[in-house]
Amino acid sequence: MLELIDTYWLYFLVGQYPEGPLGGLALTVLLSGAALVLAMPLGLLLGIARVSPWRAVRWPVAALVQLVRAVPLLLVVFWVYFFLPAVTGVKTGQASTMLMVLVLFDGIYLAEIVAAGVKALPTGQMESARSLGLSYGQALRHVVLPQTLRNGLPSLVSQLVSTIKATSLGYIIGLSEVSFIATQVNTLVFTQAVEVYLILALTYFVLCFGLSRLAFLFERRLQGRAVRVL
């Protein structure tokens, strides 16, 4: 296994870069981080709409959230990569296709995180802000959302872990993320399949477990702060 790592570690890390497109573990991390960052404004808007006092805003967003959550991510990847170009005539690349799909799904799940965070706050927070003369939007912006986003940090890190694992679905459209690179390495050293996929599994484990522990530490810190406040 050490000989395999010594020979292919750079290819496993960045793919064909700089002679070709960026790939490997670097593409997996970059794609996951970019998707989460780009999805945050969408998730914030949809999350606010989910707890809106107006039904005309709340119900359509709730229907959209339930629809997207009910559809497998793999199916959406196929739709965006194969179906949309046939309808619109615009061909999207593997990386851009996966980024769009991840932004959509991350936005939906972040919306649920935001909505749950707002609902978890005491109702007196909003009422107190409104009684001070703030509008609904001002109360959300200055009082409710700062607390919601701070308390939702562990969930955001957990969503990043889910996004990292979801990038492996790009394999089916030829995206050169880390699992695709591992498969290519396996074709070069066909007799070492166990070692190749063990390295891949350990890579995912180290990355995702590290982020999960970070989310746990965030949660512990927030709980400790809440206890001190009480």
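**Exercises on a predicted model**

The side chains of Glu112 and Arg69 make a polar contact of 3.0 Å. The model is predicted. Three exercises follow.

**Exercise 1. Place Glu112 and list its contacts.**

Solution.
- Start with the element: Glu112 belongs to helix H5.
- Next, take the contacts, leaving out residues up to four places away in sequence: Glu112 touches Arg50, Val65 and Arg69.
- Check the polar contact with Arg69: at 3.0 Å, the pair meets the cut-off of within 3.5 Å.
- Finally, compare sequence and space. Glu112 and Gly43 are 69 residues apart in sequence, yet their C-alpha atoms are 7.9 Å apart.

**Exercise 2. Decide whether Thr92 is buried or exposed, then describe its surroundings.**

Solution.
- Locate the residue: Thr92 sits in the loop between helix H4 (73-88) and H5.
- Apply the cut-off: buried means under 20% relative accessible area. Thr92 has 17% relative accessibility, so it counts as buried.
- List the contacts, again leaving out residues up to four places away: Val80, Tyr81, Pro85, Thr97 and Met100 touch Thr92.
- Single out the polar one: the side chains of Thr92 and Thr97 are joined by a polar contact of 2.6 Å.

**Exercise 3. Describe how helices H5 and H7 cross, and classify the contact residues.**

Solution.
- Take the geometry: the axes of H5 (residues 94-120) and H7 (residues 136-151) come within 9 Å, crossing at roughly 115 degrees.
- Assign the hand: the H5 and H7 crossing is right-handed.
- Name the residues: H5 contributes Val114, Gly117 and Val118, while H7 contributes Val144, Leu145 and Thr148.
- Sort them: four are nonpolar, two are polar and none is charged.

How values were computed:
Residues are numbered from 1 along each chain as its sequence is written. This is a predicted model: local features need pLDDT of at least 70, side-chain atom pairs count only at pLDDT 80 or more; totals for chains, interfaces and linings use all residues. Side-chain values use heavy atoms; hydrogens and water are left out. Axes are lines fitted to C-alpha atoms, for helices over the stretch in contact, and angles run from 0 to 180 degrees between N-to-C directions. Helices (H or I, at least four residues) and strands (E, at least two) are DSSP runs, numbered from the N terminus. A crossing is left-handed if the near helix is turned anticlockwise from the far one by less than a right angle, and right-handed if clockwise. Contact means heavy atoms within 4.5 Å. Ala, Val, Leu, Ile, Met, Phe, Trp, Tyr, Cys and Pro count as nonpolar, Asp, Glu, Lys and Arg as charged, and the others, Gly among them, as polar. Buried means under 20% relative accessible area, exposed over 50%, partly exposed in between (1.4 Å probe, protein chains only). A polar contact is a pair of N or O atoms within 3.5 Å; within protein, one must be able to donate a hydrogen and the other to accept it, and residues adjacent in sequence count only if both atoms are side-chain atoms.
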